[in-house]
Amino acid sequence: MRPIKIEVGVLARADGSCYMEMGNNKVIAAVYGPREVHPRHLQDVTRAIVRFRYNMASFSVEDRKRPGPDRRSHEVSKVSRDSLAPVILTSYFPRSVVDIFVEVLQADAGTRTVGINAASVALADAGIPMTSLISACAAGKAGGHIVLDPMKQEDNFGEADMPLAMTPNGEITLLQMDGDFTVDEFQEALELAKDGCQQVYEIQRKALTDRYSQMKEGDLCGDANPVEEAQAYE
Amino acid sequence: MDRMDRDVVVPGDLVSDDPQKAGEGTYVKDGKVYSLLYGLASSYKDGVRVIPLAGKYVPSVGDTVIGVVDDIVFSNWIINVNSPYGGLLHISEYPKKIDMNEMSKYLRIGSSIMAKVKDVDSTMKVELTLNDRRLGMLKRGRVVEISPTRVPRLIGKGGSMINMLKTELNCNIFVGQNGRIWVDGNDRDMDLALKTILIIEKEAHTTGLTDRISEFLKTEKVARS
């Protein structure tokens with residue numbers, strides 16, 4: 001699995017946010033909500049609706065991507081939304097919406113899994129009640145071998161790609177496959193991806209708990225006259 | 001196994017083996033209690049609960065809140081209470097008997113009020129009232145907004161923090177459950193009050209805060225005299 005870097009709470013205006021790198025992938029996720037739904041006709045009187053917008057920046061890939069949603073973005077948005085909605089306690093917030101935005105700043109295969117991971121952390125950061133976090137990881141087949149977390153070359157020239165998202169308990173919320181697997185290869189890839197998801201979960205959890213313990217040190221005042229305040233506490 | 005007090009937890013973390021102990025911010029599954037939120041697990045006499053580190057204000061009956069008038073429609077003022085849900089103040093809930101056409105004479109768009117949540121129904125329709133001696137339009141003073149999750153810390157156990165602030169700052173302070181706080185006093189005291197409130201918001205999760213803030217205020221007041 002490629003190296004991961006997570007930063008929680010990077011956007012001041014969003015209710016929750018997360019910047020995440022997985023290998024050469026760089027994505028930023030923002031969560032707004034629960035908030036009022038506009039247009040009103042989309043609202044559900046009994047629960048919050050969940051909206052997910054996955055977008056790739058024009059500069060995220062080598063061949064400039066035309067701005068705006070395309071069929072692939074719609075697909076990724078929908079499956080990502082479906083991978084997170086089952087764990088969100090939407091019944092706590094009738095007539096509202098939880099808006100999730102994922103922007104891919106640099107792409108290197110596996111962006112939907114990074115997006116889901118970042119969105120999961122951003123949702124926690126926003127204080128949205130969930131039964132658990134969601135972790136995602138892909139497995140694939142390249143050059144005849146089953147590999148974990150394929151990068152661009154492995155994905156483009158490989159034989160199969162299989163993104164997976166699940167709760168830490170092993171309940172699967174996303175499973176897609178593109179390519180050819182025998183039944184045995186599929187099983188092997190599934191186990192590998194599940195293991196990858198567990199690893200991702202540990203990193204997500206640590207990023208969230210570490211952030212708190214940094215705050216715990218209690219740097220006293222964020223505004224003017226830091227010297228004055230520091231002396232006051234000596 | 002119960003979580004140590006003040007442990008940081010993420011959604012899905014196990015907080016207790018005893019389903020009887022499930023408090024706020026938790027859920028029970030297969031006889032065990034798990035956290036619903038990113039926050040601090042806190043054990044109290046009868047159970048374990050999770051205090052959120054972030055979250056929106058959800059109006060609940062009996063809360064006193066500070067709202068701002070967003071709009072006037074028919075016989076209701078639409079009030080922004082810093083929540084995903086707007087509040088409705090019906091003309092009959094105004095302490096004086098007034099006519100539908102005079103509504104903007106008493107409360108205009110942009111006016112700030114201190115109101116009480118009268119009712120919340122299952123679709124989260126929120127009804128407010130001003131029918132209480134202490135409620136009404138805010139004419140003087142300033143309002144500052146903090147995260148609603150920090151309000152309990154600002155008030156303190158039995159009002160310890162807020163009473164200390166009122167005395168040390170020589171200001172009238174009112175804390176709305178929705179995270180909006182009204183202060184009234186002379187300009188310098190209000191400046192210090194706002195500054196202090198924002199510090200409390202930032203350090204709400206640390207221990208010994210009330211004493212530290214008390215010391216801070218004493219030093220600030222000495223520094224300026």
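**Figure 1. P34 of chain A and the peptide bond before it.** P34(A) is placed in strand β3 of chain A. This view, like those that follow, is drawn from a predicted model. The peptide bond that joins G33(A) to P34(A) is cis, and its omega is about -5 degrees. A second cis peptide bond runs from H38(A) to P39(A), with omega near 5 degrees. P39(A) belongs to the loop between β3 and β4 (49–56) of chain A. As background to this view and to the views of D149(A) and N82(B) below, the general rule is the following. Most peptide bonds are trans, and most residues other than glycine have a negative phi.

**Figure 2. The hairpin of β8 and β9 in chain A.** Strand β8 (residues 160–166) and strand β9 (residues 172–175) of chain A are paired in the antiparallel sense, over three bridges. Within this pair, M166(A) stands opposite I172(A) of β9(A). Five residues lie between the two strands of the hairpin, where G170(A) adopts a positive phi near 95 degrees.

**Figure 3. D149 of chain A, a residue with positive phi.** D149(A) is found in the loop between β7 (145–148) and α3 (152–157) of chain A. Its phi is near 55 degrees, a positive value although D149(A) is a residue other than glycine. Is D149(A) buried or exposed? D149(A) is buried, because 26 other C-beta atoms lie within 10 Å, and 20 or more are required for a residue to count as buried.

**Figure 4. N82 of chain B, a residue with positive phi.** N82(B) is not a glycine, yet its phi is positive, at about 60 degrees. The residue occupies the loop between β8 (76–80) and β9 (87–90) of chain B. N82(B) is buried, since 20 other C-beta atoms lie within 10 Å.

**Figure 5. The contact between chain A and chain B.** Chain A contributes 31 residues to this contact, and chain B contributes 23 residues. On the side of chain A that touches chain B, at least two residues each are supplied by β3 (25–36), α2 (111–125) and α4 (183–216) of chain A. Which element gives the largest share of that side? The largest share comes from α4(A), with six residues. Sorted by class, the side of chain A that touches chain B consists of 16 nonpolar, nine polar and six charged residues.

**Figure 6. Chain B as a whole.** Five helices and 15 strands make up the secondary structure elements counted in chain B. The C-alpha trace of chain B spans about 60 × 55 × 25 Å along its principal axes. Of its 225 residues, 36% count as buried. Among the contacts in chain B with a separation of 6 or more, 56% involve residues 24 or more positions apart. The chain is divided into domain 1 (7–52), domain 2 (64–137) and domain 3 (142–224).

**Figure 7. Where domain 2 and domain 3 of chain B touch.** The C-alpha centres of domain 2 and domain 3 of chain B are 27 Å apart. Eight residues of domain 2 of chain B make contact with nine residues of domain 3 of chain B. On the side of domain 2 that touches domain 3, β7 (64–73) and β10 (112–120) of chain B each provide at least two residues. β7(B) gives the most to this side, with three residues. By class, the same side of domain 2 has four nonpolar residues, four polar residues and no charged residues.

**Figure 8. Helix α4 of chain B and its buried side.** Helix α4 (residues 187–202) of chain B comprises 16 residues. From its first C-alpha to its last, the helix reaches 23 Å, close to the 22 Å expected at 1.5 Å a residue. Which residues of α4(B) are buried? In α4(B), the buried residues are L192(B), A193(B), T196(B), I197(B) and I200(B). These residues are on the same side of α4(B) because they cover an arc of only 140 degrees around the axis. In general, an α-helix has 3.6 residues a turn, so residues three or four places apart point the same way. On the other side of α4(B), D187(B) and R188(B) are exposed. The cover over the buried residues of α4(B) includes β13 (142–145), α2 (151–155), α3 (160–169), β14 (172–175), β15 (180–184) and α5 (209–224) of chain B.

Terms used:
Residues are numbered from 1 along each chain as its sequence is written. Chains are lettered from A and ligands numbered from 1 in the order in which they are written. This is a predicted model: local features need pLDDT of at least 70, side-chain atom pairs count only at pLDDT 80 or more; totals for chains, interfaces and linings use all residues. Helices (H or I, at least four residues) and strands (E, at least two) are DSSP runs, numbered from the N terminus. The expected span of a helix is 1.5 Å times one less than its number of residues. A residue is buried if 20 or more other C-beta atoms lie within 10 Å of its own, exposed if 12 or fewer, and partly exposed in between; C-beta atoms are placed from the backbone. The arc is that of the directions from the helix axis to the C-beta atoms. Two residues are in contact if their C-beta atoms, placed from the backbone, lie within 7 Å. Ala, Val, Leu, Ile, Met, Phe, Trp, Tyr, Cys and Pro count as nonpolar, Asp, Glu, Lys and Arg as charged, and the others, Gly among them, as polar. Domain bounds come from an automatic or database domain assignment. Two strands pair if DSSP finds at least two bridges between them.
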